[in-house]
Amino acid sequence: MYTLEDSNIRKTWILMALFLCFVIALGFAFGYVFQNQAILYFAVIFSLTMNVLSYWYSDRIALKISGARPTSREEHRELWNVVENLSITAGLPMPKLYIIDDPSPNAFATGRNKENAAVAVTVGLLRRLEKSELEGVIAHELAHIGNRDILLSTVVVVLVGFIALLSDFFLRMSFWGGGRRNDDNRVAVFAVIIGVALAILSPIAATLIQLAVSRKREFLADATGALLTRYPEGLARALEKISEYGEPLRRVNNATAHLWISDPHGKKLGAMAKLFMTHPPIEERIARLRNTNL
């Protein structure tokens, strides 16, 4: 579990490179169809800009989307002390702390590296958990920071969100039609097909990206967090209480769903719902924690 950092950094660069190639390929295709080279130039500049923004500012975007606000030791002393003590134990700089005014118990970590990390928890989490349970949740989030999961996960927030915007943009562009070859109806037909395909496939692709990032890393963070506290039962009980609440967060966003310790959409029923969950089933995570030998 301590070798994940380099792997996650590589995955982040691969994801950003694939995103860059994807946007440039689309720009080339539409530039060819509409006989407008400016579309390709725009795609190159825009994809580079989005990669830079996703690396440097995706944590701020994730916090803003979630409605998180900074907190202080004076406002939440117990939380502050727990994070500070566990950060020292883990050998990590203390992350910035944020509070989300939501009754649903949940938490997430974000940031591009250990020196620029943040942990956000909901008011509901602080109200419902005992100290040992809160320590389990914070240890889980610090594990994400130590394993460098947060860089990959936070970059996904921006890129997944942009995929949805991109699909909408090309769909609208396709229905505008146009191009210099007005006598060729195949131009408009091709553009409509591409736009519709993007609109249908992009959300599916975004979900698959989130699933690839999320499920395995949650099990690893659970194990690392249990190793950090030496008390896996604390996190197991915390996950039970989070699961029992079952109600979604007030501000749920699909782009940030994979960041949270538990699915922010609340309980999902049915085989199809479970297939597209961004998190492993909590029951399975609890069972693994209670079978852990430290």
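Here are a few notes on the cores, one helix and a surface patch of this predicted model.

1. Ground rules: local features need pLDDT of at least 70, side-chain atom pairs count only at pLDDT 80 or more, and totals for chains, interfaces and linings use all residues. Residues are numbered from 1 along each chain as its sequence is written, and side-chain values use heavy atoms, with hydrogens and water left out.

2. Start with the largest nonpolar core (buried Ala, Val, Leu, Ile, Met, Phe, Trp, Tyr and Cys residues joined through side-chain atoms within 4.5 Å). It has 34 residues, and those touching the most other members are Leu-79, Val-121, Leu-125, Val-137, Ile-138 and Ile-145. Helix H5 (residues 131–146) gives this core its largest share, six residues. Another core, of 11 residues, lies apart from it and includes Tyr-98 and Phe-108.

3. How enclosed is H5 by the rest of the structure? Largely, because 12 of its 16 residues are buried (under 20% relative accessible area with a 1.4 Å probe, protein chains only). Among the buried ones are Glu-133, His-140, Glu-141 and His-144. Helices here are DSSP runs (H or I, at least four residues), numbered from the N terminus.

4. Val-137 is worth a click. Beyond its neighbours within four places in sequence, Val-137 is in contact (heavy atoms within 4.5 Å) with Ala-107, Leu-125, Leu-129, Leu-235, Ala-238 and Ile-261.

5. Just after H5, look at Arg-148, which takes a positive phi of about 65°.

6. On to helix H2 (residues 37–66), where Tyr-57 sits. Tyr-57 counts as partly exposed because its relative accessibility is 36%, and partly exposed covers what lies between buried and exposed, the latter being over 50%.

How values were computed
Helices (H or I, at least four residues) and strands (E, at least two) are DSSP runs, numbered from the N terminus.
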